[in-house]
Amino acid sequence: MDDMTFNIFEPSPEPVIDPAIDIEAEIDRLRHERNAIILAHYYQDPAIQDIADFVGDSLDLSRKAAATDADVIAFCGVRFMAEVAKILSPEKTVVLPDMRAGCSLEESCPPEEFAAFRHAHPDHIAITYVNCSAAVKAETDIIVTSSNAVAIINQLPKDQKILFAPDRHLGAWLSEKSGREMVLWPGTCIVHERFSERELIKLKAQYPDAPVAAHPECPVQILDLADHVGSTSSILKFAGESTADTVIVATEPGIIHQMQKARPDKTFIGAPGADGNCNCNMCPFMAMNSMEKLYVALRDLEPQIVLDEDVRLRALKPLQRMLEMSPAAAPATDLSTVHTDTAVSA
Ligand code: 13P
Ligand code: SF4
């Protein structure tokens, strides 16, 4: 990674590319030449989602990264997601178009402070949200994502004390869903925290028949207004299957691209921020990747995820526990069959 003195919201500079180059065609050529798979999260730019081999939530993407026989994984998401791919598939080259694509939750949880937090609670099991660094994973007992966390926590003995990091909103939601008390790390997602309760109430009044689907990284006052709470995949499924013709979506608006592709007959409205605008909730980290940077990453096989082997091996254990304890992947739904070019998990 480049020097750590940059502002975390500042992307790497866009590469200078000969304007005569057809970027899409080159990405396609290089993907075959390199035996590469392009994995993309639902929050990526629509052009990246459309060129990817597979689009999914963080659990789907980790499963795909563990199972692929490609030599190269071009991971279009944020750094912790690409690190998971490398932890699970160390023999593969994993490139991330912009190595600065971090995450505010990862940022909120420095490994040394997390280790101290753990040691202060020696009788608690450490359940950690996948949105954290490899070094924090290495100090964890079980990793979870928003799609498997409830099912995993429900498998723990009832008297097992739990500490949960780094997202306090997801932690509070899990605590309520599972009926278990948890010691929570105080991290938040700067994107999901920005939805405005007041503006959402106004929007609901404007569209009284539109259900609200929200990600559990949102604060409780937003979740209390939601008809469905779940991971990005589950939000996508809900939005496609709901009988309502308008759905309000309280997560990063990149996901609306897949909703509109799957259900062009419906209207999807991004939940508003404090200024009533829906665009303030774009993840600045996800937005750092671009088609140009993806092309350069496939061309140069840089920037690559490189992990210390001791950290990787320690981080692998809680990730393997997560995969073993996760409910089986949901079968493809009507939503996914709409796509013919790109596999989309729903
Ligand atoms: P998902 O696991 O639902 O894809 O969420 C990842 C994330 O970063 C949400 O902000
Ligand atoms: Fe991290 Fe929030 Fe961006 Fe997800 S949306 S990657 S949690 S900053």
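Trainee: I should like to begin with one residue, Asn 35, and ask whether it counts as buried or exposed.

Mentor: Asn 35 counts as exposed, because it has 12 C-beta neighbours inside 10 Å, and a residue with 12 or fewer such neighbours falls in that class. Please keep in mind throughout that this is a predicted model. As for its place in the chain, Asn 35 sits in the loop between α1 and β1.

Trainee: What is there to notice about the phi of Asn 35?

Mentor: The general idea is that most residues other than glycine have a negative phi, and most peptide bonds are trans. Asn 35, although not a glycine, has a positive phi of about 50 degrees. Leu 301, in the loop between α14 and α15, is another residue other than glycine with a positive value, its phi being near 55 degrees. Leu 301 counts as partly exposed because it has 17 C-beta neighbours inside 10 Å.

Trainee: And which residues does a cis peptide bond join?

Mentor: One such bond joins Ala 165 and Pro 166, with omega at about -10 degrees, and Pro 166 belongs to the loop between β7 (161–165) and α9 (168–178). Another cis bond runs from Glu 302 to Pro 303, where omega is near -5 degrees, and Pro 303 is placed in the loop between α14 and α15, the loop in which Leu 301 is also found.

Trainee: Let me turn to burial: why does Ala 36 count as buried?

Mentor: Ala 36, in strand β1 (residues 36–41), counts as buried because it has 23 C-beta neighbours inside 10 Å, where the class requires 20 or more. Setting aside residues up to four places away in sequence, Ala 36 touches Leu 30, Arg 31, Ala 70, Asp 71, Val 72, Ala 74 and Leu 298. A separation in sequence can also be set beside a separation in space: Ala 36 and Val 94 are 58 residues apart in sequence, while their C-alpha atoms are 9.4 Å apart.

Trainee: How many residues apart in sequence are Phe 285 and Val 78?

Mentor: They are 207 residues apart in sequence, yet 6.6 Å apart in space from C-alpha to C-alpha. Phe 285, which lies in the loop between β12 (267–270) and α14, is buried, because 25 other C-beta atoms lie within 10 Å. Beyond its neighbours within four places in sequence, it is in contact with Val 78, Ala 101, Gly 102 and Cys 103.

Trainee: How should I read the packing of two helices, and at what angle do α1 and α14 pack?

Mentor: Two packed helices are described by the angle between their axes and the distance between the axes. Helix α1 (residues 23–33) and helix α14 (residues 291–300) pack at about 30 degrees with axes 9 Å apart, so α1 is roughly parallel to α14. From α1 the contact takes Ile 23, Glu 26, Ile 27, Leu 30 and Arg 31, and from α14 it takes Met 291, Glu 292, Leu 294, Tyr 295, Leu 298 and Arg 299. By class, this contact has 7 nonpolar, no polar and 4 charged residues.

Trainee: Which residues of α4 are buried?

Mentor: Helix α4 is mostly covered, with 10 of its 10 residues buried, including Arg 79, Glu 83 and Lys 86. The axes of α3 (residues 58–67) and α4 (residues 79–88) come within 8 Å and cross at roughly 30 degrees, so the two are roughly parallel to each other. With helix α15 (residues 309–325), by contrast, α4 packs at an angle of about 95 degrees, the axes being 9 Å apart, and α4 is therefore roughly perpendicular to α15. There Val 84, Ile 87 and Leu 88 of α4 meet Arg 312, Ala 315, Leu 316 and Leu 319 of α15.

Trainee: Finally, how many residues surround ligand 2, and of which classes are they?

Mentor: Ligand 2 is surrounded by 13 residues, of which the closest are Cys 103, Ser 104, Cys 189, Val 191 and Cys 283. Its shell has 9 nonpolar, 2 polar and 2 charged residues. The shell around ligand 1 has 1 nonpolar, 7 polar and 2 charged residues, among them Asp 57, Asn 131, Cys 189, His 215 and Glu 217.

Terms used
Residues numbered from 1 in each chain as written. Chains lettered and ligands numbered in written order. Predicted model: local features only at pLDDT ≥ 70, side-chain atom pairs only at ≥ 80, totals over all residues. Near = placed C-beta within 6 Å. Nonpolar A, V, L, I, M, F, W, Y, C, P; charged D, E, K, R; others polar. Axes fitted to C-alpha atoms, helices over the stretch in contact; angles between N-to-C directions. Helix = DSSP H or I, 4+ residues; strand = E, 2+ residues; numbered from the N terminus. Parallel < 35°, antiparallel > 145°, perpendicular 65-115°, else oblique. Contact = placed C-beta atoms within 7 Å.
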